[in-house]
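Here are a few notes to read with the model open beside you. I have kept them short and grouped them by region.

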Amino acid sequence: MKSNVIVIIIIAVVVTGLTFTFPPIAQDPAYHNFADKRGWLGIPNFGDVMSNLPFLFFGLMGVAAVYLARSDMFTMKGERIPWQVFFVGTFLVGFGSGYYHWEPSNQTLVWDRLPMTIAFMSFFSVVIMERLNEKRGLQLLPILLIVGAASVFYWDHTETLGNGDLRPYALVQFLPILLIPLMFWLLPARYSGLKYLGYGLFWYVLAKVLEHFDRGIFAMTGEVISGHTLKHISASVGVLMMVLYVKKRKTL
């Protein structure tokens, strides 16, 4: 197991180092130009705004699931804390993303990305607790949250200086996506229910694909629904998988 941990640490260090060998990456202004701009009921960009509602619903479901879970469902001291932070973060994504899509701009994008880093980093803490070291995972939670928030504020600050740099935010978002499956594979599980974590990862990856093909999907569906709207729905289903994992898992 020790050698597996070393492999994971080396990969994290190498990927981090490689990220900063690239020049600063500014936010593409075209990012805010989404396919479906239709308003309805006085709500601009209705599809992209309202498709964030499942984040609110599933986030609250998760908070309730953690709070109401039996004591034997959480076998590590303080284990509920990062899970509660994760579900609160996903709940806030519903507000942040909805606010951003109401009036897309770099300024509102900050409030879309900030709660996402809360969700990314707290779930990363959960996986470290479950697979690596429960004490270290909990200790790392506030550090990871600060790093995540700092990556967003750093990007926003550099944009105001005319030299936007998304590299830290990209690292915060994608490094856990690389390391978490690796940790699932190399390190022993504490709980059953791995399939729900796999489903959650699948729905998140699908969300990124749908986001990329925003306009193509909008055209393919006869302008009924856009890829970005479906992205929100897909990512929120990933949150639901996390709720099911918390509710259905058993100690191994």
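The points below go through the core, one buried glutamate and one helix.

1. This is a predicted model, in which local features need pLDDT of at least 70, side-chain atom pairs count only at pLDDT 80 or more, and totals for chains, interfaces and linings use all residues. Residues are numbered from 1 along each chain as its sequence is written, and side-chain values use heavy atoms, leaving out hydrogens and water.

2. Start with the largest nonpolar core (buried Ala, Val, Leu, Ile, Met, Phe, Trp, Tyr and Cys joined through side-chain atoms within 4.5 Å), which has 59 residues. Trp-83, Phe-87, Phe-123 and Met-242 have the most contacts inside it. Its largest share, 13 residues, comes from α5; helices here are DSSP runs (H or I, at least four residues), numbered from the N terminus.

3. Beyond its neighbours within four places in sequence, Phe-123 is in contact (heavy atoms within 4.5 Å) with Trp-83, Phe-86, Ile-180, Leu-197 and Met-242.

4. Glu-130, in helix α5, deserves a look: its relative accessibility is 7%, so Glu-130 counts as buried (under 20% relative accessible area, 1.4 Å probe, protein chains only). The side chains of Glu-130 and Tyr-245 are joined by a polar contact of 2.8 Å (N or O atoms within 3.5 Å, one able to donate a hydrogen and the other to accept it). Residues touching Glu-130 also include Trp-83, Arg-190 and Arg-249.

5. In α8, the buried residues are Tyr-196, Leu-197, Gly-200, Tyr-204, Ala-207, Leu-210 and Glu-211. They cover an arc of only 145° around the axis, so they lie on the same side of α8 (the arc uses directions from the helix axis to the C-beta atoms). Their cover includes α5, α7, α9 and α10.

Technical notes
Buried < 20%, exposed > 50% of the residue type's maximum accessible area, 1.4 Å probe, protein only. Helix = DSSP H or I, 4+ residues; strand = E, 2+ residues; numbered from the N terminus.
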